[in-house]
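Let's take a friendly walk through a protein model together. Have a look at the picture, and then we will go from the overall fold to the interior.

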Amino acid sequence: MLILVRHGQTHSNVAKIIDTRPPGAELTELGRTQASDLGLELAQYDLSSINCSVALRAQQTALLLAASYHGATGKQIPVDIQMGVHEIYAGQLDGRDDRETADSYTKAFKGWLEGDIGSRLPGGENHVDVLQRAQPVLETLAARDGINLLVSHGAAIRTMARWATGVPAEFAFENYLPNGRTVILDPGGRPFGEWNVVSWG
């Protein structure tokens, strides 16, 4: 089983800034609480590994989650940073906070889910770029024994999960993933693209 976690709330989230280039913003106090609370919530699972993207917010979330999980279960799991699973890059629009930019990102995101290879922001990525860097990481984690956790990012998780499972693009688009929430996948030894969704959000 593979548990994908969206990082806790960041200062960029609060300010509605498009923040896709690592290292990015750090967690707010609420974001830290979300990460710690999730570690307690996940104590029901016997986790095998805790992994995260290179972004600061993902690392902070993973470390806080791991600490509270350790406190609840007595099981100490080191955090491993995985390259390739950071947020989908917004290119020239990164760092902006205006409504037009937000709408452009949302439109591009819909295209990534629908498989439109022309859907990308100026200087940014499309879903093919994202899968080329992220799919090998997901497949490596899926091939491991046990339950493996990966802290990543909202648009990246929904895009990766859509193409890993084949859920309809409309489902992935409409089902927003809040900070500190999870998408749980069951690869079941099947090829990428045929995995099952256990839960979403």
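Two residues are in contact when they have heavy atoms within 4.5 Å of each other. With that in mind, look at the protein chain, which is a predicted model: among contacts between residues at least 6 apart in sequence, 73% join residues at least 24 apart.

How many helices and strands does the protein chain have? There are seven helices and six strands, and from the N terminus on they follow the order β-α-α-β-α-β-α-α-β-α-α-β-β. The chain's radius of gyration is 16 Å, close to the 17 Å that the globule rule gives for 201 residues, so the chain is as compact as a globular protein of that length.

Here are some overall values for the protein chain:

| Property | Value |
|---|---|
| Box filled by C-alpha atoms, along the principal axes | roughly 45 × 40 × 25 Å |
| Exposed area | about 8800 Å² |
| Distance between mean positions of positive and negative charges | 2 Å |

Carbon and sulfur atoms supply 51% of that exposed area. The charges number 17 positive and 23 negative.

Now for the inside. Buried residues make up 50% of the 201 residues. The largest nonpolar core has 35 residues, and Leu4, Tyr105, Leu138 and Val183 have the most contacts inside it. Elements giving two or more residues to this core include strand E1 (2–6), helix H5 (127–143) and strand E5 (182–186). Leu4 touches several residues far from it in sequence, among them Leu138, Ile157 and Val183. A second, separate core has 17 residues, including Ile50, Cys52, Ala66 and Ile77.

Key:
Residues are numbered from 1 along each chain as its sequence is written. This is a predicted model: local features need pLDDT of at least 70, side-chain atom pairs count only at pLDDT 80 or more; totals for chains, interfaces and linings use all residues. Side-chain values use heavy atoms; hydrogens and water are left out. Helices (H or I, at least four residues) and strands (E, at least two) are DSSP runs, numbered from the N terminus. The radius of gyration is taken over C-alpha atoms; the globule rule is 2.2 Å times the number of residues to the power 0.38. Buried means under 20% relative accessible area, exposed over 50%, partly exposed in between (1.4 Å probe, protein chains only). Accessible areas come from the Shrake-Rupley method with a 1.4 Å probe; for residues, only the protein chains shown count as cover. Lys and Arg count as positive and Asp and Glu as negative; His and the chain ends are not counted. The place of a charge is taken as NZ of Lys, CZ of Arg, CG of Asp or CD of Glu. A nonpolar core is a set of buried Ala, Val, Leu, Ile, Met, Phe, Trp, Tyr and Cys residues joined through side-chain atoms within 4.5 Å. Lists of a residue's contacts leave out its neighbours within four places in sequence.
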